[in-house]
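Trainee: I have a structure to go through at the bench. Can we take it in questions and answers?

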Amino acid sequence: MTNIILLGPPGAGKGTQARRLVEERGMTQLSTGDMLREARTSGTEMGRRVAEVMDRGSLVTDEIVIGLIDEKLRANPEGSFIFDGFPRTLPQADALGALLDRSGRKLDAVIEMQVDDAALVARITGRFTCGNCGEVYHDVTRPTAKPGVCDACGSTDLRRRADDNEESLRQRLMEYYKKTSPLIGYYYALGDLSAVDGLGEMDAVAADIAAVLNGAQKP
Ligand code: AP5
């Protein structure tokens, strides 16, 4: 079992690289952002509140996201996980440590994807995803081969996220620097942190992550 965290600001490429690891290594991607986007379409009062918080670019409460992760870990005791967008606060990091301990798992690596803030606006405002299979594209750096059609599944349901605009991105960045970036020091102190250059070509970033993983699995 291998368990890793992809850590980085909005648009760093966490989701893009997590999907590759799913395909190449059979790991399971646990994206709290994807789980919350699913919850917001549930039509419940909780879903409505989650939608409002996400569109603003703020963080959903620790209790909700820890509960979502707990459920997924219980449902798949043998899985190897990529935590994508979780943890995002120190209480979430402590909770993840406790959840992993409880299930006899270890964290093998925390990979910080380092990017220049100036690149993030272009990444976020050009992003679109497939509503059917979740494949991630970009107007410039990763367009679909055939306009309007997902390369992976052939769906024409290509979408842009409600929070992918400059105003919401600024708030998401502020949340990242205030609440999530302290996790870099936290995981450094635990001896789990590695950094990769997230500004490179997607294949180069994937190769750097693979190099970390190949040297990281704990007994
Ligand atoms: P979430 O969905 O996690 O969004 P995020 O962290 O803001 O990250 P993104 O999905 O925007 O970016 P990414 O790093 O995955 O980049 P991607 O690979 O898509 O969270 C959304 C919201 O949910 C939060 O704001 C919050 O409200 C809530 N939430 C989620 N988790 C939470 C938690 N734990 N606690 C509390 N609240 C939580 O890439 C971006 C674009 O760049 C794509 O178009 C891609 O094609 C392109 N790209 C990627 N890599 C490269 C490359 N190397 N070169 C060129 N282009 C690239």
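Mentor: Start with a term. Helices here are DSSP runs of H or I with at least four residues, numbered from the N terminus. Keep in mind that this is a predicted model.

Trainee: Which helix gives the most to the shell around the ligand?
Mentor: Several elements each supply at least two residues of that shell, including α1 (14-25), α6 (117-125) and α9 (202-214). Strand β6 (136-138) is on that list too, and so is α2 (32-40). The top contributor gives four residues, and that helix is α2.

Trainee: Which residues come nearest to the ligand?
Mentor: The ligand has 36 residues around it. By class, the shell has 14 nonpolar, 13 polar and nine charged residues. Those that come nearest are Thr 16, Ser 58, Arg 88, Arg 127 and Tyr 137.

Trainee: How far is a backbone N or O atom of Ser 58 from an oxygen atom of the ligand?
Mentor: Take two side chains beforehand. An N or O atom in the side chain of Lys 14 is 2.9 Å from a ligand oxygen. For the side chain of Arg 161, the distance from such an atom to a ligand oxygen is 3.0 Å. For the backbone of Ser 58, the distance is 2.5 Å.

Trainee: After those contacts, how much of the ligand's accessible area does the protein cover?
Mentor: Begin with the ligand on its own. Its accessible area is then 1,000 Å². The share covered by the protein is 96%.

Trainee: Is Ser 168 buried or exposed?
Mentor: Ser 168 sits in helix α7 (residues 166-180). Its relative accessible area is 3%. Buried means under 20%. So Ser 168 is buried.

Trainee: Which residue has a backbone oxygen 3.5 Å from a polar atom of the Ser 168 side chain?
Mentor: Look at the contacts of Ser 168, leaving aside neighbours within four places in sequence. They are Met 54, Asp 55, Arg 56, Gly 57 and Asp 163. The backbone oxygen at 3.5 Å belongs to Asp 55.

Trainee: What span should helix α4 have, at 1.5 Å a residue?
Mentor: Helix α4 covers residues 62-75, which is 14 residues. Its end C-alpha atoms are 20 Å apart, and this agrees with the expected value. That expected span is 20 Å.

Trainee: What do the buried residues of α4 pack against?
Mentor: First, the buried residues themselves. In α4 they are Val 65, Leu 68, Ile 69, Asp 70 and Leu 73. They pack against β2 (28-31), α2, β3 (81-84) and α5 (90-102).

Trainee: How does Gly 97 count by accessibility: buried, partly exposed or exposed?
Mentor: Gly 97 is in helix α5. Its relative accessibility is 30%. Buried needs under 20% and exposed needs over 50%. Therefore Gly 97 counts as partly exposed.

Trainee: Which residue does a cis peptide bond join to Phe 86?
Mentor: The omega angle of this bond is about 0 degrees. The partner is found in the loop between β3 and α5. The residue is Pro 87.

Trainee: How far apart in space are Asp 151 and Cys 130, C-alpha to C-alpha?
Mentor: Asp 151 lies in the loop between β6 and β7 (158-159). Asp 151 is partly exposed, at 43% relative accessible area. In sequence, Asp 151 and Cys 130 are 21 residues apart. In space, C-alpha to C-alpha, they are 9.3 Å apart.

Key
Residues numbered from 1 in each chain as written. Predicted model: local features only at pLDDT ≥ 70, side-chain atom pairs only at ≥ 80, totals over all residues. Heavy atoms only, no water. Buried < 20%, exposed > 50% of the residue type's maximum accessible area, 1.4 Å probe, protein only. Polar contact = N/O pair within 3.5 Å; in protein donor to acceptor, adjacent residues only side chain to side chain. Contact = heavy atoms within 4.5 Å. Near = heavy atom within 4 Å. Areas by Shrake-Rupley, 256 points an atom, 1.4 Å probe, with all protein chains shown as cover. Nonpolar A, V, L, I, M, F, W, Y, C, P; charged D, E, K, R; others polar. Expected span 1.5 Å × (residues − 1).
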